[in-house]
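Student: I would like to take a close look at one part of this structure. Please treat it in a single connected account.

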Amino acid sequence: MGRIFVVELDGRSYRCKFCRTHLALPDDLVSRSFHCRRGKAYLFNNAVNITVGALEERVMLSGMHTVADIFCCCCGQIVGWKYEAAHEKSQKYKEGKFVLERLVRSFASDRGRIVDEIDFSSEVYIDTRPSMSDGEDA
Amino acid sequence: MGGVEDDEPASKRMKLSSEELRRLSNGSTIKEPVAGSSRDLMARPLQSEGGEEVVGSKGVIKKVEFVRIIAKALYSLGYIKSGAHLEEESGIPLHSSVVNVFMRQILEGNWDESVVTLRNIGLTDERTVKSASFLILEQKFFELLDEEKAMDALNTLRTEIAPLGVNDSRVRELSSYIVSPSYCSLTRSPKQDTVRARSRSKLLEELQKLLPATVMVPEGRLEHLVEQALVLQRDACMFHNSLDKEMSLYSDHQCGRDQIPSQALQVYETGVSLKHKLSGHQKPLSSVSWSPDDRQLLTCGAEEVVRLWDVSSGECLHVYEKTGLGMVSCGWSPDGKWIFSGLNDKSICMWELDGKELECWKGQRTLKISDLEITGDGKQIISICRETAILLLDREAKVERFIEEDQTITSFSLSRDSRFLLINLLNQEIHLWNIEGDPKLVSKYRGHKRTRFIIRSCFGGLEQAFIASGSEDSLVYIWHRGTGELIETLPGHSGAVNCVSWNPANPHMLASASDDRTIRIWGLNNLSTKRKEPCSNGIHYCNGVY
């Protein structure tokens, strides 16, 4: 196989749980209140070392969006999705941003220790108040 | 010769437009004003009253100029009779009668008369007149010295040359020649007559360069224009890749596609022919670098050590390492005396071949995935120092320059003359930068595909006029460097093409390596091409050997 191009992020970063490839920086974290079928998800301004899949129209709790699934470039695991376009004005802020799902993500420092996040509930729930947070049916 | 008599009044003498000079060239002089009506009577049928005659379909070639430079070319070729005949038949003299007189006087050595005639030519720029007079009188001076008439020479210098007020330092030089005439005689050849004659035509040449082109048509003007056209044609030729093709004047030069390698000549499945197995690295290789003399090979394990191998014996000659750190890239100095390596703490180190560390540049110099190149003069080290920036480090002057891009840089390649850098970006673009002085973006090349891997591109072809790249869609892409146009895509591989290397010695041969585990050698698409093995440093890069 060819040599995969990976970018290294400095300091602490969110990484792929399976292959530890760097995915996003804490500085780029926008919101912690996203959800997907498998659990919580975070919204980031930017993500690296991902490949973007095909665009599709998806109905989310917050309305119709054009999204593309994103995959870890090293192991190929699906790690979340990218918002390409939002059809409603109130959702426009998401355009160009990335969502990384909780269960496929670990937070690690350069020394390789995994820091568990403590503000998660283990229950999966769909937020029925669309104005406050975004429940995404992935 | 004949021609229109110029009726310009004396007050208009100083203002010479091209129109007036054209009339001058037709054999008239300002000193002979004629009543206006005679102009019409003597008007030549070929010349329009107000405008100028043009030739050619685009209407930009002035007929008078065209005929004059042809006449000049005929004379240069030695066809004196043809030249004279052309002047007569066209009614367009090469030089006005004044200029002809002037030229004759120079060649005959009538210096004082020639200076007077010079003034009659009617040049507007007084400085030109003075400089020309200086040259003429300087010649007179030297010839007087040759004839050993030192007093006359001194007189000339004092009363004629010095008052011009031109080039005072030269005047002082000339005065020193009077004092030591032997200096002069050293530069002379024994035959006096031939020297003088030769140097008089040399003087005429110098004067030709000094005087405006409309007065005296410059030497070789037609040849120069034709050469310009040929060079432009050659530069516009997108497939120009062979020295053999001679350029003809009969038709515009245009190479065909057949000059670009497009046919797979050889496909290597398991390795060209296994010469040695170089074992020793514990980690996959991140880079490979041939020595300038092709006898040794440097290999770098990913965040491991750098090993030096002898190519003919397969023996590992040396291991370079730094405690606590891992190496990520390697390269040779162009004189083969030093090796460089990038380390995983972002520094770059330099060693002598025997392992003695010479220098270490700490700080943000290189990344874990980065190429490392040294320019041909051994002075600049080039590496990717940040996601979107390349560092050009002058190791002697300790000067840093940066190339800043908008997108993440994945790899780069240095041109053979070390003046240009080809940068591969994450967003599937290849950028060409000029790295002399302040780095400048020159061109962009697009079309190939890249989403996951490090795809390499390179310069190649005759005078590196082409850019080739691998691609994740299994094709080899070739662009014309100057225009940026994609001229070829080569199918054949069944996996992503990771890197390409154009044979530096043979512009018709290209090698590509792919995820389908083959190496393909591409050549010209005709049967008469001889198959040649690529020279040993034809394949520079290795994307990872597992």
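Which residue of E19(B) does B:Trp433 stand opposite?

Tutor: B:Trp433 stands opposite B:Leu441 in E19(B). Before going further, note that this is a predicted model, in which local features need pLDDT of at least 70 and side-chain atom pairs count only at pLDDT 80 or more, while totals for chains, interfaces and linings use all residues. Residues are numbered from 1 along each chain as its sequence is written, chains are lettered from A and ligands numbered from 1 in the order in which they are written, and side-chain values use heavy atoms, with hydrogens and water left out.

The pair belongs to strand E18 (residues 429-434) and strand E19 (residues 440-446) of chain B, which are joined in the antiparallel sense by 6 bridges. Strands here are DSSP runs of E with at least two residues, and helices are runs of H or I with at least four, numbered from the N terminus; two strands pair if DSSP finds at least two bridges between them. In general, strands of a sheet pair through backbone hydrogen bonds, either parallel or antiparallel. E18(B) and E19(B) make a hairpin with 5 residues between them, and B:Gly437 in the turn has a positive phi of about 70 degrees.

Elsewhere in chain B, an open sheet of 4 strands follows the order E12-E13-E14-E15, with antiparallel pairing. Strand E12 (372-374) and strand E15 (399-404) each have a single partner strand, so one side of each edge strand has no neighbour in the sheet. Within this sheet, strand E13 (residues 380-386) and strand E14 (residues 389-394) of chain B run antiparallel and share 6 bridges. There, B:Arg386 stands opposite B:Ala389 in E14(B).

Chain B also meets chain A. This contact (heavy atoms within 4.5 Å) takes 18 residues from chain B and 12 residues from chain A. The two chains bury about 1,500 Å² between them, 54% of it on carbon and sulfur atoms; buried area is the accessible area (1.4 Å probe) that two parts lose on being put together, summed over both. On the chain B side, B:Ile369, B:Arg452 and B:Phe453 lose the most area to chain A, together 37% of what that side buries. Between the chains there are 2 salt bridges, each a side-chain nitrogen of Lys or Arg within 4 Å of a carboxyl oxygen of Asp or Glu. A salt bridge joins the side chains of B:Lys368 and A:Glu8 (3.1 Å, N to O).
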